[in-house]
Amino acid sequence: MEPGFWHHRWAEGKIGFHEGQPNARLVKYGARLGAGRRVLVPLCGKAIDLAYLAEQGHAVIGVELVEQAAQEFFAGTSPTITRHAEHVEYAAGGVSIFVGDIFTTTAALLGPLDALYDRAALIALPPELRPRYAAHVRALIAPGSPGLLITLEYPQAAMDGPPFSVGAPEVHALYAGVTIAQLDESPGQNQRMKDLGIEATERCFALTL
Ligand SMILES: C[S@@+](CC[C@H](N)C(=O)[O-])C[C@H]1O[C@@H](n2cnc3c(N)ncnc32)[C@H](O)[C@@H]1O
């Protein structure tokens, strides 16, 4: 997607992906991320998951393209705002959100990372970007680190993404060499899918990167 697509979505308040509470699978499986980690949350939006992970004792490193999301996440607090070369970092209460493109983040910018939480990030990206995304995330996170990945699968021809359909074989291909265990699956439509009569399956995977 062009950056303008996401800026427009945020400006128009078209953020149906925002759950407004900790994700149920994060609550159920979050202990798999271990304790006291530095957790990368790519394409983080203003997810309550960031605060939830911090409450569990992790240092949370989100990356988000649209500054409005960081401003709304930290609304009512006084985050420290630091300008880096291509990114702006908002930080408070154990959560840092780096505003900018995930693909221009580096280990030097984000610091050491030893866990991954991906909800609605991989599936927000079109097919041609997903291999680059998975390779980039793997390069940022220490080998052997735990991760949680939540995906959605549906007949892609029935609807344009995002969210895009990503099946289990693609997860295995994108993360070849990573230990992957599927933890569960369940029906998981968003409102647009319900309106279009599309059936979808949500899956949660545990990764050892
Ligand atoms: C589907 S939303 C998911 C947000 C969050 N993970 C959640 O669960 O609510 C995808 C988010 O990724 C952001 N985004 C899209 N492309 C990005 C990129 N290249 N780098 C950083 N963020 C990006 C969008 O602005 C949007 O907030």
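Student: Which residues is Glu64 in contact with, leaving aside its neighbours within four places in sequence?
Tutor: In this predicted model, Glu64 touches Trp10, Leu43, Cys44, Gly45, Ala69, Ile97, Phe98, Val99 and Gly100. Glu64 itself sits in strand S2, residues 59–64.

Student: Why is Glu64 said to have no salt bridge?
Tutor: Look for the nearest side chain of opposite charge: that's Arg119, 10 Å away. A salt bridge needs a separation within 4 Å, so Arg119 doesn't qualify. And Glu64 is buried, too.

Student: What makes the side chain of Glu64 and the backbone nitrogen of Gly45 a polar contact?
Tutor: A polar atom of that side chain lies 2.8 Å from the Gly45 nitrogen. The cut-off is 3.5 Å, so the pair falls within it. The Glu64 side chain also reaches the backbone nitrogen of Val66, at 2.9 Å.

Student: Now the sheet. Why are S3 and S8 called edge strands?
Tutor: The order is S3-S4-S5-S2-S1-S6-S7-S9-S8, nine strands in an open sheet with mixed pairing. Strand S3 (80–83) and strand S8 (179–187) each pair on one side only, so they are the edges. Neighbouring strands here are turned by 20° against each other on average, direction ignored.

Student: How do you know that S7 and S9 pair?
Tutor: Pairing takes at least two bridges, and strand S7 (146–153) and strand S9 (201–208) have eight, so they pair, in the antiparallel sense. Along them, Thr151 stands opposite Arg203 in S9.

Terms used:
Residues are numbered from 1 along each chain as its sequence is written. This is a predicted model: local features need pLDDT of at least 70, side-chain atom pairs count only at pLDDT 80 or more; totals for chains, interfaces and linings use all residues. Side-chain values use heavy atoms; hydrogens and water are left out. Helices (H or I, at least four residues) and strands (E, at least two) are DSSP runs, numbered from the N terminus. Buried means under 20% relative accessible area, exposed over 50%, partly exposed in between (1.4 Å probe, protein chains only). Lys and Arg count as positive and Asp and Glu as negative; His and the chain ends are not counted. A polar contact is a pair of N or O atoms within 3.5 Å; within protein, one must be able to donate a hydrogen and the other to accept it, and residues adjacent in sequence count only if both atoms are side-chain atoms. Contact means heavy atoms within 4.5 Å. Axes are lines fitted to C-alpha atoms, for helices over the stretch in contact, and angles run from 0 to 180 degrees between N-to-C directions.
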